[in-house]
Amino acid sequence: MSAMSGPPSGSDSLAVRQRYLRHRRRLSDRGWITVWVTLGALVGWLFIAGFAGLGH
């Protein structure tokens with residue numbers, strides 16, 4: 001069974017299960033990057049909106 005065809009079962013080798021977990025971790029890292037970029041954009045937008053409001 002390949003690590004790309006779905007979650008490994010208990011009968012798969014340890015190497016296949018470790019490769020699957022490393023692959024899942026990379027995807028979750030990408031998710032964290034997306035969260036941080038989104039939060040950064042939101043904070044930046046709030047600063048711009050706040051300074052624009054102070055300028056009036």
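Reader: Why is Arg17 called partly exposed?

Author: In this predicted model, Arg17 has 33% relative accessibility. Buried means under 20% relative accessible area and exposed over 50%, with partly exposed in between (1.4 Å probe, protein chains only). So 33% puts Arg17 in the partly exposed class.

Reader: What makes Pro8, Ser9, Gly10 and Asp12 contacts of Arg17?

Author: They have heavy atoms within 4.5 Å of Arg17, which is what contact means here. That list leaves aside the neighbours of Arg17 within four places in sequence. Pro7 is ten residues away in sequence, and its C-alpha is 8.1 Å from that of Arg17.

Reader: Which helix holds Arg17?

Author: Arg17 sits in helix 1, residues 14-54. Helices are DSSP runs of H or I with at least four residues, strands are runs of E with at least two, and both are numbered from the N terminus. The chain comes to one helix and zero strands.

Reader: Why does Leu46 count as partly exposed?

Author: Leu46, also in helix 1, has 48% relative accessibility, so it counts as partly exposed. Leu46 joins Trp32, Val35, Trp36, Leu39, Leu42 and Trp45 in a nonpolar surface patch, with about 820 Å² of accessible area together.

Reader: What makes that a patch?

Author: Patch residues have over 30% relative accessible area and no salt bridge (a side-chain nitrogen of Lys or Arg within 4 Å of a carboxyl oxygen of Asp or Glu). Like charges are joined within 9 Å, and nonpolar side chains (Val, Leu, Ile, Met, Phe, Trp, Tyr) within 5 Å. Areas come from the Shrake-Rupley method with a 1.4 Å probe; for residues, only the protein chains shown count as cover.

Reader: Why are Phe47 and Phe51 called exposed?

Author: Phe47 counts as exposed because its relative accessibility is 53%, and Phe51 because its value is 58%. They lie four residues apart in helix 1, about one turn.

Reader: How is this model numbered and filtered?

Author: Residues are numbered from 1 along each chain as its sequence is written. Local features need pLDDT of at least 70, side-chain atom pairs count only at pLDDT 80 or more, totals for chains, interfaces and linings use all residues, and side-chain values use heavy atoms, leaving out hydrogens and water.
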